[in-house]
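Reader: I would be grateful for a close look at a single part of this structure. Please define each term as it arises, since I am in my first year.

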Amino acid sequence: MGSDLEGQPKPTGDGGSTLKNVKIDGQNKQEGVCVYSNGNTLEGVEVFDSIGCGIAVKGGADDNKIFKSKLHDNNNGVFVSDGAVRNYITKAVFYENSSKGINLMHSGNGDMAYPVNVLAVVPKNSTNIIG
């Protein structure tokens, strides 16, 4: 995971890294966080204002976990591509992304179907919507 001084992605590390409870302003760069290696964990990460995606998982990066994260005001919240498989995305919140919350392209996660289950909870004493 990493980015160069211009904020553009560059491969770093051997995998198995943890990024936890950080807030990342994408500052209108292409990606906020890029994952190029295997077995990383991103927990409680908030990424916003990236013109591409909040989190990019690509280059064959497998077995990564993204959970309890908030991705908003990006083009895509999470972008999985280039044959990256078995990437686990759960308990994440996506909003105000101009394209998709999760975008799977170019064999990303084995071309599995996009998630369709949505849980929307409105304030207390109101109706819960599940569908």
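Author: Let us begin with one pair of residues: Ala56 has Phe79 as its bridge partner in strand 9. Strands are DSSP runs of E with at least two residues, numbered from the N terminus, and two strands pair if DSSP finds at least two bridges between them.

The model is predicted, so local features need pLDDT of at least 70 and side-chain atom pairs count only at pLDDT 80 or more, while totals for chains, interfaces and linings use all residues. Residues are numbered from 1 along each chain as its sequence is written, and side-chain values use heavy atoms, with hydrogens and water left out.

Strand 6 and strand 9 run parallel and are joined by four bridges. On its other pairing, strand 9 is linked to strand 12 by three bridges, again in parallel; here Phe79 has Asn103 in strand 12 as its bridge partner. Strand 6 also pairs with strand 3, in the parallel sense, over four bridges, and Val57 of strand 6 is the bridge partner of Val35.

How much of these strands is covered? In strand 9, five of its five residues are buried, and in strand 3, four of its five are. Buried means under 20% relative accessible area, exposed means over 50%, and partly exposed lies in between, using a 1.4 Å probe and protein chains only.

Strand 3 (31–35), strand 6 (53–57), strand 9 (76–80) and strand 12 (102–104) are the elements that each give two or more residues to the largest nonpolar core. That core has 16 residues, and among those with the most contacts inside it are Val35 and Val57. A nonpolar core is a set of buried Ala, Val, Leu, Ile, Met, Phe, Trp, Tyr and Cys residues joined through side-chain atoms within 4.5 Å. In soluble globular proteins, nonpolar side chains tend to be buried together.

A charged contact also involves strand 3. Lys58 forms a salt bridge with Glu31, the closest N and O atoms being 3.0 Å apart; a salt bridge is a side-chain nitrogen of Lys or Arg within 4 Å of a carboxyl oxygen of Asp or Glu. Because Lys58 lies in the loop between strand 6 and strand 7 (65–67) and Glu31 in strand 3, the pair ties together parts that are 27 residues apart in sequence. Both Lys58 and Glu31 are buried.
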